[in-house]
Amino acid sequence: MSDTDTNSDTDSGSGHCQTPDSDGEVADEIAIVSFERKLDTAEEIKRDLADDYDRIDVLTYHGDVFADHWGEYDCFVGLMASGIAMRKTAGLLDDKWEDPAVVVVDEELTWAIPLTGGHHGANQVAHDLSKLGAVPAMTTASEAAGKQGVESKAKALDSHVVNGDSTVATNLAVLNDELGPVARLDGPKAVLVGDDVTVLKRNGGDGVVLGTGSVSGAKKAQFLTAWEQALDDADCDWDDVDFVATGTRKADEPGMLDAAEEIGAGVVYFEKETLTEFEGPTPSRSKELIGWPGIAEASAIAGGRDHELVVEKRRYDDAVTVAVGR
């Protein structure tokens, strides 16, 4: 699901949640590599990021430290000059889908720079280092352009990329505003694709989707309260949430994005046509007034694996509407 990775769009035919997957697109286990003189700073980083990761170890630097632990962690954080980390890891690199990500942060915690694996954990870790005051220096093309690459879309959809080589073409299409929404196919079905089609496969589990509508300017706390009450109604908790779903017309709601980041979930934006296809049972004035079906129920149904509405829409604090889908 963190940074701009919390944005996505999907469609059933057009179109930090930190769940590890086989492609290593999310960093869950990291190692902080530090010279002995900066071990106190390394321990500070470990303390401040402890709640965000399954495992954080501090390793004292020596010449072979990266080689000795290569493949043991999702991401290395080098508390050192970038040149040192580059020289010591360059010869270890083999495949971006298999290699651990590498981030460097200077000793004063001013800059956090992803060196390799930007879309495979490094950007995520660099963003998290901003909690300590470091400025994340993202150089991947999609982030530099303020757009979302397909790896980021995969994380927001709680899925992973099956055919990694395709992302060169599809991310170029993202940069040129040519990709369009993610098409969703429900099986059983056989699909024949070309080299320039990225296939996303949903991760395991049987979670729920928080279909969400809101008034403009709703606050982070209002979203969190609404979601929590809706999950209680569904006899679920935060760990059961696959992602938050809404309509594209709600794409500029910072309160929703902040709340999703708080719970580690992605936000998926559905087009109007998709929501119309999956319109919920509860009447909504928005269809009469602006032609959109009720966003909360339609989003919950469209986003769910089984297109099933678990909890019909509830309105909270006259600000946020939530439905739960599966």
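This is a short presentation on the strands, helices and nonpolar cores of one protein model.

Good morning, colleagues. Please keep in mind throughout that the model is predicted.

I shall begin with strand β11, residues 208–214. Is this strand enclosed or open to its surroundings? Seven of its seven residues are buried, so β11 is largely enclosed by the rest of the structure. The cover extends to both faces: V208, L210, T212 and S214 are buried on one side, and V209, G211 and G213 are buried on the other.

Which strands, then, does β11 pair with? One partner is β12, residues 241–247, which runs parallel to β11 and is joined to it by four bridges. Within this pairing, V208 stands opposite V241. Between the two strands the chain passes through helix α8, residues 220–233, and this β-α-β crossover is right-handed. Another position to note is L210, which has V244 of β12 opposite it.

The other partner I wish to show is β15, residues 320–325. Here six bridges make the connection, and the two strands run antiparallel. L210 appears again, with V324 as its bridge partner in β15. As a general point, strands of a sheet pair through backbone hydrogen bonds, either parallel or antiparallel.

Let us follow β12 further. Like β11, β12 is mostly covered, with seven of its seven residues buried. Five bridges join β12 to β13, and these strands run parallel. A245 of β12 stands opposite V268 of β13. Together with α9, these two strands make a right-handed β-α-β unit.

In the loop between β12 and α9 we find A251. How accessible is A251? Its relative accessibility is 27%, and because buried residues must fall under 20% and exposed ones over 50%, A251 counts as partly exposed. A251 and Y269 are 18 residues apart in sequence, while their C-alpha atoms are 6.9 Å apart in space.

I turn now to the nonpolar cores. The largest has 25 residues, and those with the most contacts inside it are L210, F223, W227, V244, V320, V322 and V324. Which elements give two or more residues to this core? They are β11, α8, β12, α9 (254–263), β13 (266–270), β14 (309–316) and β15. Helix α8 gives the most, with six residues. Apart from this core lies another, of 22 residues, including A27, A42, I45 and V105.

V324 deserves a closer look. Leaving aside residues up to four places away in sequence, V324 touches V208, V209, L210, A230, A234, A300, E308, L309, V310 and V311. One of these contacts, A300, is a buried residue of helix α12. Nine of the nine residues of α12, which spans 295–303, are buried, so this helix is largely enclosed by the rest of the structure. Its buried residues include E297 and S299 as well as I295 and I301.

Let me move to another part of the fold. An open sheet of six strands has the order β3-β2-β4-β5-β6-β7, and its pairing is mixed. Which strands stand at the edges? They are β3 (55–60) and β7 (135–136); each has a single partner strand, so one side of each is left without a neighbour in the sheet. The partner of β3 is β2, residues 29–34, joined to it by six bridges in parallel. I30 of β2 stands opposite I56 of β3.

What lies across this sheet? Helix α4, residues 122–129, lies across β2, β4 (75–79), β5 (101–105), β6 (111–116) and β7. It runs at about 25° to β5.

I close with the cysteines, as a biochemist may well ask about them. How many disulfides does a search of the whole structure find? The search finds zero. Is C75 buried or exposed? C75 has 0% relative accessibility and therefore counts as buried. C236 is also buried, with a relative accessible area of 13%.

To summarise, β11 is largely enclosed, pairs in parallel with β12 and runs antiparallel to β15. The largest nonpolar core draws on β11, β12 and β15, among other elements, and α8 gives the most residues to it. Thank you for your attention.

Note on methods. Residues are numbered from 1 along each chain as its sequence is written. This is a predicted model: local features need pLDDT of at least 70, side-chain atom pairs count only at pLDDT 80 or more; totals for chains, interfaces and linings use all residues. Side-chain values use heavy atoms; hydrogens and water are left out. Buried means under 20% relative accessible area, exposed over 50%, partly exposed in between (1.4 Å probe, protein chains only). Two strands pair if DSSP finds at least two bridges between them. A crossover is right-handed if, with the strands pointing away from the viewer, the path from the first strand over the helix to the second runs clockwise. A disulfide is a pair of cysteine sulfur atoms within 2.5 Å. Contact means heavy atoms within 4.5 Å. Axes are lines fitted to C-alpha atoms, for helices over the stretch in contact, and angles run from 0 to 180 degrees between N-to-C directions. A nonpolar core is a set of buried Ala, Val, Leu, Ile, Met, Phe, Trp, Tyr and Cys residues joined through side-chain atoms within 4.5 Å.
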